[in-house]
Structures are given as C-alpha cells and as structure tokens.
Amino acid sequence: MFHSQEPLFLRSKYISLDSRQIIEPKETAFFAIRGVHHDGHQYIETLYKRGVSEFIVEREAWSPYMAQKAEKWQGVDIYIVENCIDTLQKIAQKHREEFQIPIVAITGSNGKTTIKEWLGQLLSVQFKVVKNPKSYNSQIGVPLSLWNIKKEHEIGIFEAGISKPGEMPKLEKMLQPNWGILTNIGEAHGQNFSSENEKLREKLSLFAHAKSIIFRDKNGLKNQVKAYLNEINPKIEYIHWNTEDPENGIYVHRKMEKNTCQLRFKKQAQTECFLEVQIPFTDEASIENCCHCAILAHFLGLSQSQIQQQFRQLKSISMRLEVKEGLRNNQLIDDSYNNDLDGFKLALPLLQNTHKKEKVIIFSDLLEAGLKDQTLYQEIAKEVSKYPIKRIIGVGENLYKHQELFEGIEVFRQTEDLLQSGTLHQLHDAAILIKGARKFNFERVTAQLERKTHCTQLEINLNAIQHNLRYFKEQIGRETKLMGMVKAFAYGTGSVEIAGILQNQGIDYLTVAYTDEGVELRKNGIYTPIMVMNPQVNEFDLLTEFGLEPEIYSFGLLRAIDEYSHTTGKNIKIHLKIDTGMKRLGFDIDELPQLCAELQQMPQLWIVSMLSHLVASDSEKHNDFTEKQVSLFEKAGREVSEAIGYQPIMHISNSAAIQNHPKSRFDMVRLGIGLYGISTNLNEQRALEPVLKLKTYISQIKSIKENETIGYGRKGTLAGAGKTATLALGYADGYSRKLGMGKGFFEINGVLCPTVGAICMDMCMVDITHVPQVNEGDEAIAFGGKVQISEVAKAAETIAYEIMTNISERVKRVYVRE
Ligand SMILES: *Cc1c(COP(=O)(O)O)cnc(C)c1O
C-alpha cells in the first residue's frame with residue numbers, strides 16, 4: 001500500500017538505511033537514502049524479496065516504473081515522503097517523546113565518544129543506560145541511536161556532532177536533552193564555520209532547553225557561554241569547573257601519582273571537598289574527560305564510593321578491534337573492547353561480513369550491569385541465533401549456568417580449561433570472533449590461535465582508509481564517480497580486504513592490472529564493476545565468465561574482442577584507453593578517425609568508459625602539458641561519442657590531479673595513492689591520515705667496542721663505543737639496500753635510530769646507543785610512526801609507490817580498526 005504522507009509510527013522493530021546490514025528483514029523498516037555515491041532506492045525490490053515490508057522513499061527518486069512493480073506487492077507499506085532524513089528525524093523525535101527519561105547530550109570537538117562511553121560505564125551501577133553505538137552522532141546517527149530507547153531504560157547518554165551550520169537545532173529537537181556537557185572546543189570541523197564564535201553558538205544551541213550544562217572554564221569560556229545561553233535559555237544552571245581558581249565554580253585539585261591521578265572536587269565558598277576519586281590515567285585529555293564524568297555522576301546522585309569503584313574499572317576506550325591472520329588459515333577478529341550487549345551486537349555483523357565461509361565465536365561471560373543474567377543471556381542467544389555460526393565456544397561460570405540457551409555451545413568454566421582442551425587446535429579455515437571480558441585474559445586464547453607472536457608486519461589502518469576516502473568524496477562531490485585502484489595487491493596492502501572496504505563504502509568502480517587479480521576479487525565476494533588494465537587475448541573467456549571489463553588500448557585488442565564477441569554471441573563492456581601523451585598504452589590521437597570508423601561496425605561492444613592517463617599531474621611546472629592532455633582527451637571523447645551515438649564515462653584524473661587539476665575530474669576520478677594517505681600537495685597531505693605502518697622487532701642487542709665494525713664488508717661503524725640492535729627486516733622483505741649506511745631510520749621507543757652498515761637479506765642493524773631502556777623483543781617502526789613513507793622513499797632514491805609495492809609477501813598484513 002502506498003502512503004503519500006509521512007508515517008506517524010513504524011510497525012517495524014528496527015530501522016535500516018543500509019541494505020547490506022539488514023539482519024531481520026521482516027522486522028526492519030528501510031529508509032531509502034540518497035548519498036554522494038549511493039542511492040538506497042536501487043535496493044527496494046531486492047529487499048522486498050528478502051522480506052522487508054516497510055519502506056520510506058523519496059518522491060523525487062520514486063519512479064513510476066518502481067511504483068508499477070510495487071503495486072502488486074502484498075502486505076507492504078511504502079511511504080512516499082519529500083526527504084527521508086527529515087522523516088527519520090521526526091520519527092526519532094516522537095519516539096524520544098514517548099519516553100520521559102532524562103537525556104545527557106554531549107557536544108564539543110574532542111572527547112565526545114570517550115565521555116559517552118565512560119559515563120555509560122559509570123552510570124550503569126545506578127541506571128539502565130541507553131547510548132549511541134560507537135560514534136553515531138550525526139544527523140542520521142542520532143535518530144538511529146534514539147530509536148534504541150526502550151521502556152526499561154532510565155537514562156540516555158548521547159553525543160551530538162555537527163559539521164556545518166544549521167545542524168545542531170535539528171539534533172536538539174530530537175534529543176531534548178536535560179543535561180549538557182560541552183567538551184573541549186578545538187579545531188575539528190572548523191572549515192564550514194565562519195568563526196570560532198559561530199561554531200560555539202551553534203554547539204550551545206543543543207542546550208536551548210536543557211536544565212544544566214557542565215563545562216570546563218578555561219580561557220574565558222564561561223563568559224562566552226553565558227553571553228549566548230542568557231539569550232536563549234536564561235534559566236539554565238551553569239556547572240563549570242576549573243583547575244586554577246578555588247573561588248570560581250567547582251575547583252578541581254589534581255595530584256599525579258605514578259600511573260594514577262588523584263582528583264579532589266570542591267565547590268566555591270566551601271572548604272570541604274564534595275568528591276574525591278582516583279583515576280587510572282595521567283594524560284591531560286583523559287583527566288579532563290574524567291572530570292566531566294565525575295561531576296555529572298555526582299549531580300545525578302551517585303555516591304563517592306560508587307563513583308570511585310566504577311572509575312577503578314574504567315576501560316580505556318582506545319582498545320582496538322584487530323583483524324589478524326591466524327594459524328591454519330583462520331581469520332581472527334579480536335574485539336575485547338566493549339564487552340557488553342551493544343558491543344556484542346555490533347561485532348556480529350563484522351563476523352558475518354568476512355569472506356570465510358565458516359564462522360566461530362569464542363566469548364566469555366559479559367559484563368553488563370543492569371540486566372538480569374537470565375535476560376542478558378537470552379538476548380545474546382537470540383542475537384547469535386540470527387547468524388549461521390558453526391561453533392559457539394563460551395567461557396565462564398555464568399555461561400556455564402545458562403548454556404541450555406545456546407544451541408550446540410561448547411562451554412568451559414575457565415579460560416585455562418579452554419586452552420587445555422585442544423579445541424582451539426581444531427579450528428581451521430574459519431573467521432573467529434574473540435570477545436573476552438578483561439578478567440578472562442583472552443590474550444592467551446588469541447596467542448594460541450595467532451600465527452606467531454613476534455613477527456615483522458605491515459599494519460593497515462582501516463579507519464584511516466575510510467577517512468581518506470571520505471576526504472576525496474567530499475572533494476569531488478556527488479556528481480563525480482569514483483574508481484578505486486586496487487592493482488598490485490592494492491599497492492601492497494591486500495586487494496581483497498581493501499576492495500571489500502571500498503565496496504562497502506559504495507565505490508563505483510575498481511581497477512586491477514591483470515585478469516588474475518580481478519578473478520581473485522570475484523572469488524572473494526567483490527561484486528562491484530572491475531576494469532582490467534592489461535587484458536590478454538587468451539583470457540577473454542575468464543574475463544567474461546567473472547564479469548570483468550577489459551581496457552582496450554590497441555587495434556589488435558579491439559579486433560580480437562570484436563571477433564570474440566561475434567563467435568560467442570556475447571555483448572561485451574569495454575573501456576577505451578586514449579594516449580594523450582604518456583606514450584605507454586592507448587590509441588593515439590591521430591588514430592581516432594580509424595577507431596571511430598571501426599567502432600561504428602561493432603555495436604555489440606558497449607563502451608562503458610573512455611580513459612587516459614596524466615603524466616605529471618603532481619608537478620606544477622608541467623601544468624601546461626597537463627592542460628594539453630586534458631583538452632586532447634576532451635576532444636577524443638567528443639569524437640568517439642559522436643561516432644557511437646552515446647556518451648561513455650570519461651576519466652583521466654589520478655589522485656594528484658583531483659586536487660591539483662579539478663578540471664580533469666570529468667565524470668569519474670581514479671583514486672590510487674591518495675587512499676593510502678600520501679599526497680605531494682602539502683595541504684592535502686595534512687588532511688589525509690597515514691594508513692601503513694611497517695613494524696619489526698629487535699632480535700638481539702650487541703655492545704660494540706671502539707673500532708669494531710658491524711656487518712658485511714666491515715662497512716658499519718659507530719662514532720665510538722656503543723650499542724646496536726639487530727632487526728628482523730631486510731631487503732628480501734622490501735627494505736631497500738639503499739637505506740643502509742645511516743640513510744634509513746627506525747623508530748625505537750620513540751627515538752630515531754639510523755641504520756649501521758649494509759642492509760642484509762633478512763636483517764639489518766641500527767645504532768641504539770642513545771635509546772634509553774631498550775630490550776630485545778622491542779618494536780622497531782620502519783615507517784608509519786615518526787618516519788613517513790615519503791621520507792623513506794626519498795632516502796632510498798625512489799617514490800612511495802615503489803616502497804609500498806615492494807613489501808614482500810612474507811610480511812604479514814594486519815588490519816586494524818580503531
Ligand atoms: C595506478 C594508476 C592510477 C592511480 O594513480 P595514483 O597516482 O596512485 O592515484 C590511475 N590511473 C592509471 C591508469 C593507473 O595505472
């Protein structure tokens with residue numbers, strides 16, 4: 001049934017905006033959102049077939065064709081609205097209004113997620129808490145989070161983030177917070193705001209109807225805050241704290257100890273402290289975050305001893321979820337952080353999305369205050385049962401007690417029992433999710449499953465990749481398509497993993513150099529269109545069988561694929577490469593008339609796109625040449641499209657050109673090195689995050705006497721007597737011989753250590769004379785910490801591309817998510 005009005009309520013239990021993340025289609029309402037490179041309306045029919053029966057769609061994107069199809073669907077509600085996000089927000093607002101629980105809203109530039117998570121942990125001794133999952137704090141994240149409020153909840157803790165003016169009032173309307181926390185105001189998201197003041201006012205509008213606001217009074221912030229809030233919410237209570245002036249609001253006295261900090265809180269005009277706690281952190285940011293949390297907890301009525309006890313157990317939330325290669329071809333998802341019900345629900349889809357067919361969960365008793373054990377484990381069993389999981393392994397007394405809730409579970413009362421049982425040795429070719437509360441020491445489980453504890457590894461930061469991708473998407477805007485270059489093992493980082501991420505982020509195209517690389521992607525669940533740059537004539541069968549699209553760069557190839565399409569009766573998608581100055585592959589400009597004439601005789605070939613490659617887009621002194629290439633390409637595009645009667649997708653820009661030559665973006669850009677956080681444009685380099693970290697470790701430490709030499713050919717010497725470390729990284733791993741003799745540096749315990757002597761095949765030596773407290777087994781970072789890849793490239797007289805693609809296969813790739 002079609003509804004031309006917004007729904008007042010939804011009958012579904014869950015809301016989804018992402019067709020891939022729907023777990024219970026029958027109980028999910030789908031909002032078709034249009035993003036920069038993505039349109040939810042495309043998935044409606046598929047979702048209907050999967051069982052979704054409640055849809056919210058946008059009038060402008062809802063085609064008569066779809067309407068005609070959907071007319072016949074039984075038991076389906078389709079709401080046709082102007083803007084799905086507006087509707088989502090209204091529904092979230094109504095949902096919030098149904099539950100008259102107090103809500104704490106947190107905004108500011110830094111620390112929002114940490115404060116939210118910590119408050120969640122603190123307040124859970126007293127209240128049943130609902131909060132945003134992860135950092136769901138946007139115009140979409142907040143309504144989705146609010147939808148999680150249920151009748152058992154007693155308090156909500158939500159963070160609110162904005163990126164441009166006008167967004168906060170919308171969040172305010174939905175959240176209607178009673179309590180506010182304004183965290184440290186910094187630089188993040190500064191570009192879209194005309195001044196610091198505007199940004200602050202926008203943030204404060206979150207508290208337009210709040211009862212109280214907590215903030216740290218620093219650099220005159222109090223006056224600014226009051227100046228604005230007096231206008232919009234004169235009755236608000238100011239709870240401000242500082243560390244300098246005992247007679248201004250709440251005064252916090254800090255005393256550092258070895259690994260802890262003692263905090264004493266005192267109110268103005270009182271001599272006694274009202275709260276005293278010890279926290280397990282000593283860094284400035286964590287202390288500030290703790291102060292906000294402790295003060296709010298106090299005002300919400302928690303006792304000194306409750307607050308103290310909860311602080312002692314506070315987990316640093318920087319613990320990362322790691323995906324690692326395990327022994328026997330297992331893949332490990334190590335997720336010890338967030339050992340509560342929400343964390344569990346979030347980790348299961350990650351397990352589901354891995355490429356391994358068999359899934360295994362190893363988990364311990366959960367630490368979830370607020371729920372009765374029976375209810376908690378019933379909930380978990382229900383979550384787990386939604387997924388096809390081969391083996392469920394539980395550890396702990398509580399799981400032991402409730403084992404009948406889980407079908408086929410293998411339970412151990414203690415971690416030691418699991419380790420002794422031999423069960424872990426039986427696991428192979430599986431994706432294994434490991435979630436253990438801290439006291440169960442699941443590091444030991446991971447260690448038994450991991451390939452080696454100590455090894456040289458290339459760490460790939462998936463969050464940084466997502467950040468960089470987002471940066472480029474913002475640069476090119478929604479009209480321009482994006483092609484991800486995953487050739488050469490995705491520049492050394494792992495094609496399947498990177499292609500998987502790009503696919504999840506809705507990339508339009510992927511490109512590999514050779515057919516094999518494309519086949520590998522297809523075999524691992526990559527369904528995004530793939531262009532192959534260097535197809536061979538004898539591989540056309542393989543290409544078409546796996547739905548790969550060849551780049552055609554010569555008459556030889558063109559005629560061969562034409563013939564192939566005739567003999568097999570297949571229509572084939574191709575990409576035409578034009579040479580505008582690279583002199584590598586492609587049809588020359590003076591071959592265009594001939595090319596056009598032949599293409600007109602080949603209507604069964606569909607020219608999806610035309611491309612060319614820029615020679616020097618990163619170099620200003622060749623700007624004229626680049627412009628010439630661009631205009632030749634434009635001309636070639638016109639000629640071909642006139643001849644064939646339609647317009648192929650045009651693309652010539654590589655990473656460097658996106659920023660340096662916006663005119664070259666045409667319909668699509670090809671993103672390569674930029675994705676990995678490398679740019680020769682300084683501003684851009686600052687906006688990107690480094691993705692790669694090459695780490696090894698110290699195998700042995702040697703004391704060197706004066707006049708002794710180090711390594712082959714007696715080439716290495718120190719300035720006098722000193723110490724060297726032998727590292728497990730050599731030229732066979734991809735660490736160039738050019739980096740020997742002090743040209744390359746490793747970061748060890750934060751100190752840069754030059755190489756000494758020649759680089760060997762599997763090892764190298766560095767000078768650690770001046771590194772304090774260094775031990776065998778310590779980590780040594782070749783790049784990705786203080787040393788940048790581009791610096792290594794320069795020292796090795798090459799470019800970052802070569803450094804990255806030379807890292808040999810035997811170096812283990814580890815994917816980390818923050
Ligand atoms: C590798 C490659 C790119 C990507 O180049 P980056 O400089 O890494 O962005 C683009 N186009 C072609 C044809 C390529 O071979």
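## A ligand site, a buried loop residue and a helix

The shell around the ligand is made up of 5 nonpolar, 4 polar and 3 charged residues; here Ala, Val, Leu, Ile, Met, Phe, Trp, Tyr, Cys and Pro count as nonpolar, Asp, Glu, Lys and Arg as charged, and the others, Gly among them, as polar. Please keep in mind that this is a predicted model, in which local features need pLDDT of at least 70, side-chain atom pairs count only at pLDDT 80 or more, and totals for chains, interfaces and linings use all residues. Residues are numbered from 1 along each chain as its sequence is written, and side-chain values use heavy atoms, with hydrogens and water left out.

**Around the ligand**

- The surrounding residues are M485, K487, Y491, M533, R584, H613, N654, S655, R670, G672, I673 and Y801, where a residue qualifies if one of its heavy atoms lies within 4 Å of the ligand.
- S655 has a polar side-chain atom 2.5 Å from a ligand oxygen, and R670 has one 2.8 Å from a ligand nitrogen.
- In H613, a side-chain N or O atom is 3.3 Å from a nitrogen atom of the ligand; a polar contact is a pair of N or O atoms within 3.5 Å, and within protein one must be able to donate a hydrogen and the other to accept it, while residues adjacent in sequence count only if both atoms are side-chain atoms.
- Of the 380 Å² of accessible area that the ligand has on its own, the protein covers 94% (Shrake-Rupley method, 1.4 Å probe; for residues, only the protein chains shown count as cover).

**L614 in its loop**

- L614 sits in the loop between β29 (605-611) and α24 (623-644); helices (H or I, at least four residues) and strands (E, at least two) are DSSP runs, numbered from the N terminus.
- L614 counts as buried because its relative accessibility is 3%, with buried meaning under 20% relative accessible area, exposed over 50% and partly exposed in between (1.4 Å probe, protein chains only).
- Leaving out residues up to four places away in sequence, L614 touches T626, Q629, V630, I652, S653, A657 and S664 (contact means heavy atoms within 4.5 Å).

**Helix α3 and E98**

- E98 belongs to helix α3 (residues 84-98) and is exposed, with a relative accessible area of 58%.
- Buried residues in α3 are C84, T87, L88, Q89, I91, A92, Q93, H95 and R96.
- At the start of α3, a side-chain oxygen of N83 comes within 2.8 Å of the backbone nitrogen of I85.
- The end C-alpha atoms of α3 are 21 Å apart, in agreement with the 21 Å expected for its 15 residues at 1.5 Å a residue; the expected span is 1.5 Å times one less than the number of residues.
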